[in-house]
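Subject: Structure handover

Hi there,

Here is the structure I promised to pass on to you. Could you open it and keep it in view while you read my notes?

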Amino acid sequence: MRILITNDDGIFAPGLWTLVKELKNIAQVVVVAPDREQSATGTAVTLRQPLRVQRVRPLVAEIETYSVEGTPADSVILALGKLVKSKVDLVVSGINQGPNLGDDVLISGTVGAALQGYLRGFPAFAISVAAVDSVYLDNAARLAVLLAKKIDSNSLPTNILLNVNLPNLSLVKIKGAKITRLASGSYTNTVEERFDGKREYYWVVRQKIDTDTDEKTDIWAIEQGNISITPLHTNLLNKSSPSIPDSLCSDLLQELQKT
Ligand code: MN
């Protein structure tokens, strides 16, 4: 199995390399990621500037690693179109440090990168830990391994785009895993007025607003201490697509606890 890994926190973000360390045990891994923090760039693609790419020294030995002067979506387009010559079986974006829930998937660079994989016909998932100062990156990396194995063994449909979020909790405190839908609501829609000593300016701040957080939503699942797995193809892009079986979740946490 060959896995393309990218992110939006930048090529040296700890979440990305935690993911690489685990996924390299089950697959050949190639990293193509933005050269700097690109959070909240969504699906943006660079059309009016050259895309420069550098082969860089990986933080995990012997991983083919490219740094892209561009967005997360650029990175995946470049990787799948040019840089990775061999067949790719899966695109994984993350591990993002911070939640990607509800309407915020539309501005998430993590999800935007996974989307480019999906649109090109590759199974893809975005994976995030729901705290900006995420501590429990290892849980997410091991969950990514489980999901990758399920995709590789065809126990999940291959035409999928999953948005996976984990609560920032130790494994024993995670309650379960839920297949969810996106909540209608955003954490990123509040603007503050600030003053820099000379002039006023505005700053977009992350603050939770009221959402439709019924028990089917991703935000509900995370707030209750669950892993949230949202199949985006069914409720964002509305393509005819297979559903994800509930049985995925019934044993996922048990499997994770065994790893
Ligand atoms: Mn990010």
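Below is what I found, going from the sheet to the metal site, the pocket and a few local details.

Before anything else, please keep in mind that this is a predicted model.

**The sheet**

Let me begin with the strands. Nine of them make up an open sheet of mixed pairing, and the order is S3-S4-S2-S1-S5-S6-S7-S11-S8. At its edges are S3 (53–55) and S8, each of which pairs on one side only. From one strand to the next the twist averages 20°.

If you would like a place to check the register, try S1 and S2 (residues 28–34), which run parallel and are joined by four bridges. There, arginine 2 has glutamine 28 of S2 as its bridge partner.

S11 (residues 226–231) deserves a moment of your time. What is on either side of it? On one side, S7 (residues 161–166) runs antiparallel to S11 and is joined to it by four bridges, with asparagine 165 and serine 228 as bridge partners. On the other hand, S8 (residues 176–179) runs parallel to S11, also through four bridges, and here alanine 177 stands opposite isoleucine 227.

How many of the six residues of S11 are buried? Six of the six are, so the strand is largely enclosed by the rest of the structure. Both of its faces are covered: Asn226, Ser228 and Thr230 are buried on one side, and Ile227, Ile229 and Pro231 are buried on the other.

There is also a hairpin to look at. S9 (residues 190–195) and S10 are paired antiparallel over six bridges, and glutamate 193 stands opposite tyrosine 202 of S10. Four residues lie between the two strands of this hairpin, and in the turn glycine 197 has a positive phi of about 105°.

**The manganese site**

Which protein residues are donors of the manganese ion? They are Asp8 (OD), Asp9 (OD), Ser39 (OG) and Asn96 (OD1), at 2.0 to 2.2 Å from the ion. Along the chain these donors have the spacing D-D-x29-S-x56-N. Aspartate 8 sits in the loop between S1 (2–6) and helix H1 (14–23), while asparagine 96 belongs to S5 (residues 90–97), so this pair ties together parts that are 88 residues apart in sequence. Both aspartate 8 and asparagine 96 are buried.

S5 has another detail for you: the peptide bond from glycine 94 to isoleucine 95 is cis, with omega near -5°. Isoleucine 95 is itself in S5, the strand that also holds the donor asparagine 96.

**The largest pocket**

The volume of the largest pocket is about 380 Å³. It is lined by 21 residues, and those closest to its centre are Glu37, Ser39, Ala40, Gln97 and Arg206. You will recognise Ser39 from the list of manganese donors. S5 and S10 (200–205) are the elements that give two or more residues to the lining. By character, the lining residues divide into eight nonpolar, eight polar and five charged.

**Loops to look at**

Alanine 40, which we just met near the centre of the pocket, has a positive phi of about 65° although it is not a glycine. This alanine is in the loop between S2 and S3. Is alanine 40 buried or exposed? Its relative accessibility is 52%, so it counts as exposed, the cut-off being over 50%.

Glutamate 62 is a second non-glycine residue with a positive phi, again of about 65°. You will find glutamate 62 in the loop between S3 and S4 (64–68), where it is exposed with a relative accessible area of 82%.

Lastly, have a look at aspartate 103, in the loop between S5 and helix H3 (109–119). At 36% relative accessibility, aspartate 103 counts as partly exposed. Its C-alpha atom is separated by 6.9 Å from that of alanine 183, a residue 80 positions away along the chain.

That is everything from my side for now. Happy browsing, and do write back with any questions.

Best wishes

Key
Residues are numbered from 1 along each chain as its sequence is written. This is a predicted model: local features need pLDDT of at least 70, side-chain atom pairs count only at pLDDT 80 or more; totals for chains, interfaces and linings use all residues. Side-chain values use heavy atoms; hydrogens and water are left out. Donors are N, O and S atoms within 2.8 Å of the metal (3.2 Å for Na, K and Ca); water is not among the atoms, so sites may look incomplete. Buried means under 20% relative accessible area, exposed over 50%, partly exposed in between (1.4 Å probe, protein chains only). Two strands pair if DSSP finds at least two bridges between them. On a 1 Å grid over the protein atoms alone, a cavity is a set of points where a 1.4 Å probe fits but cannot get out, and a pocket is an open set with protein on both sides within 12 Å along at least five of seven lines; lining residues have an atom within 4 Å of a point. Grid points are joined across faces, edges and corners, and a volume is the space filled by probe spheres set on the points. Ala, Val, Leu, Ile, Met, Phe, Trp, Tyr, Cys and Pro count as nonpolar, Asp, Glu, Lys and Arg as charged, and the others, Gly among them, as polar. Axes are lines fitted to C-alpha atoms, for helices over the stretch in contact, and angles run from 0 to 180 degrees between N-to-C directions.
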